[in-house]
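Me: I would like to learn how to read backbone geometry, burial, contacts and pockets in a model. Please take the features one after another.

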Amino acid sequence: MGQVRVIDHPLVAHKLTLMRRKDTSTNDFRRLLTEISTLMSYEVLHDMPMHEITIDTPLESTTASVIDGKKLVVAAVLRAGAGIADGMLAVVPGARVGHIGLYRDPKTMVVVEYYFKMPGDLEERDVVIVDPLLATGHSAVAAVDRIKEYRAKSIKFVCLLTCPEGIAVLHDAHPDVPVYTAAIDRELDDNGFIRPGLGDAGDRIFGTA
């Protein structure tokens, strides 16, 4: 499976189960996505760079550690990745946010980019690419390809769900990029959906099913 970290904390697993249910409302689905993303952030960002500052406590001056949040970029794969970005920003509000607009041409099945906007100086920044599902892996590869063009300091990929096929595709192209996920599901079906999965994440987030 390569560099894959399954974040299987009981709170994450519980909330993911609620998201999988087909009768979960759009409002609850969005709320749960934000909550899970916030919880996953603690593991995803465990190695964030830090630096020492001088502060005054009620008793004395001392040095203490703070995160270098301005060097972090959360890169959301549109449209569904925005939901995970919101949850991560709840933990690191100082992070910069980038967007990568991708869609799969229904005839050729080729990934097409329609939007790309990132903060400057990516070579000095740690980039976390976020997308709820790592299914076929083609969009993930395209997103990493683009970020690597800008020589980002480091790259991670974060998703709620994935499957063996998607992991294989991403790691065949980018074996150096670690994947953080809440679960690895059984398989990818003939229509490119993860099974048992949770359906189309974008439709469920925005109520467009």
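Me: Where does P196 lie?

Reply: Helices and strands here are DSSP runs, numbered from the N terminus (H or I of at least four residues for a helix, E of at least two for a strand). P196 lies in the loop between strand 12 and helix 6, and the peptide bond that leads from R195 to P196 is cis, with omega near 0°. This is a predicted model, in which local features need pLDDT of at least 70 and side-chain atom pairs count only at pLDDT 80 or more, while totals for chains, interfaces and linings use all residues. Residues are numbered from 1 along each chain as its sequence is written, and side-chain values use heavy atoms, with hydrogens and water left out.

Me: Which peptide bond that ends at R79 is cis?

Reply: Most peptide bonds are trans, and most residues other than glycine have a negative phi. The bond from L78 to R79 is cis, with omega near 10°, and R79 is found in the loop between strand 4 (72-78) and helix 3 (81-91). As for phi, D121 has a positive value of about 55° although it is not a glycine, and R151, also other than glycine, has a positive phi near 55°.

Me: Is R151 buried or exposed?

Reply: Buried means under 20% relative accessible area, exposed means over 50%, and partly exposed lies in between, with a 1.4 Å probe and protein chains only. R151 is exposed because its relative accessible area is 66%, whereas D121, at 46%, counts as partly exposed.

Me: What does the side chain of K156 make a polar contact with?

Reply: A polar contact is a pair of N or O atoms within 3.5 Å; within protein, one must be able to donate a hydrogen and the other to accept it, and residues adjacent in sequence count only if both atoms are side-chain atoms. The side chain of K156 makes such a contact with the side chain of D47, at 2.6 Å. K156 lies in strand 9 (residues 154-162) and counts as buried because its relative accessibility is 11%.

Me: Which residues does D200 touch, leaving aside those up to four places away in sequence?

Reply: Contact means heavy atoms within 4.5 Å, and on that basis D200 touches R79 and F193, not counting residues up to four places away in sequence. The side chain of D200 also reaches the backbone nitrogen of D203 at 2.8 Å, and D200 is partly exposed, with a relative accessible area of 33%.
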